[in-house]
Amino acid sequence: MDDATLASKIAARKIVLTGNERLKIYGYLGCKSGKRMKRENRVFFTHEQEAVALGYRPCGNCMKTAYRQWRARSERVR
């Protein structure tokens with residue numbers, strides 16, 4: 001996806017989350033951690049359910065509550 005298309009989808013709120021394809025982590029577009037990730041590892045999501053369905057976990061930096069809930073669930077499974 002080129003930069004102009006991406007910018008227009010973000011402006012239209014068609015993309016609300018970003019993720020790291022290699023690490024399988026998703027978070028908000030403005031997250032400090034997300035802004036540091038390599039461009040080639042970036043993926044975009046229209047909603048949280050899409051990211052979760054694809055096996056991504058919430059970012060511990062910008063989605064602290066969702067991350068704690070995810071971590072508590074994954075610890076119970078062990």
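At 55% relative accessibility, R39 counts as exposed, and this arginine makes a good doorway into the structure. Here, buried means under 20% relative accessible area, exposed means over 50%, and partly exposed covers the range in between, with a 1.4 Å probe and protein chains only. Before we go on, please note that this is a predicted model, in which local features need pLDDT of at least 70 and side-chain atom pairs count only at pLDDT 80 or more, while totals for chains, interfaces and linings use all residues. Residues are numbered from 1 along each chain as its sequence is written, and side-chain values use heavy atoms, leaving out hydrogens and water.

What does R39 form with D3? The two form a salt bridge, and their closest N and O atoms are 2.3 Å apart. A salt bridge is counted when a side-chain nitrogen of Lys or Arg is within 4 Å of a carboxyl oxygen of Asp or Glu. D3 is partly exposed, with a relative accessible area of 47%. Because R39 sits in the loop between α2 and β3 while D3 belongs to helix α1, this pair ties together parts that are 36 residues apart in sequence.

By the same rule, the count comes to two salt bridges. The other pairing to look at brings together the side chains of R71 and E75, at 3.0 Å from N to O. These residues are four apart in helix α4, so about one helical turn separates them. R71 counts as partly exposed at 41% relative accessibility, and E75 is also partly exposed, at 44%.

Now let us step back to the whole protein. How many helices and strands are there? The protein has four helices and four strands. These are DSSP runs numbered from the N terminus, with helices being H or I runs of at least four residues and strands being E runs of at least two. If you read along the sequence, you will meet them in the pattern α-β-β-α-β-α-β-α. The C-alpha trace spans about 45 × 20 × 20 Å along its principal axes. Of the 78 residues, 27% count as buried. About 5,600 Å² of the protein is exposed, and carbon and sulfur atoms supply 51% of that area; accessible areas come from the Shrake-Rupley method with a 1.4 Å probe, and for residues only the protein chains shown count as cover.

Next, follow the chain into its loops. R13 lies in the loop between α1 (3-11) and β1 (17-20). This residue has a positive phi of about 60° although it is not a glycine, and R13 is exposed, with a relative accessible area of 61%. K24 offers another example: its phi is near 60°, a positive value in a residue other than glycine. You will find K24 in the loop between β1 and β2 (25-28), where it is partly exposed at 34% relative accessible area.

Further along, N41 has its place in the loop between α2 and β3 (42-45). Is N41 buried or exposed? At 15% relative accessibility, N41 counts as buried. Leaving aside residues up to four places away in sequence, N41 touches G19, N20, E21 and R22, where a contact means heavy atoms within 4.5 Å.

T46 is found in the loop between β3 and α3 (48-53), and it counts as partly exposed at 40% relative accessibility. The C-alpha atoms of T46 and I15 are separated by 4.5 Å, though these residues are 31 apart along the chain. With residues up to four places away in sequence not counted, T46 touches K14 and V16. For the protein as a whole, among contacts between residues at least 6 apart in sequence, 49% join residues at least 24 apart.

Finally, consider charge. The protein has 18 positive and 7 negative side chains, and the centres of the two sets lie 8 Å apart. Lys and Arg count as positive and Asp and Glu as negative, while His and the chain ends are not counted; the place of a charge is taken as NZ of Lys, CZ of Arg, CG of Asp or CD of Glu.

Which residues form a positive surface patch? The patch is formed by K32, R36, K64 and R68. The elements giving two or more residues to this patch are α2 (32-36) and α4 (64-77). Patches are made of residues with over 30% relative accessible area and no salt bridge, with like charges joined within 9 Å and nonpolar side chains (Val, Leu, Ile, Met, Phe, Trp, Tyr) within 5 Å. R68 lies in helix α4 and is exposed, with a relative accessible area of 54%.
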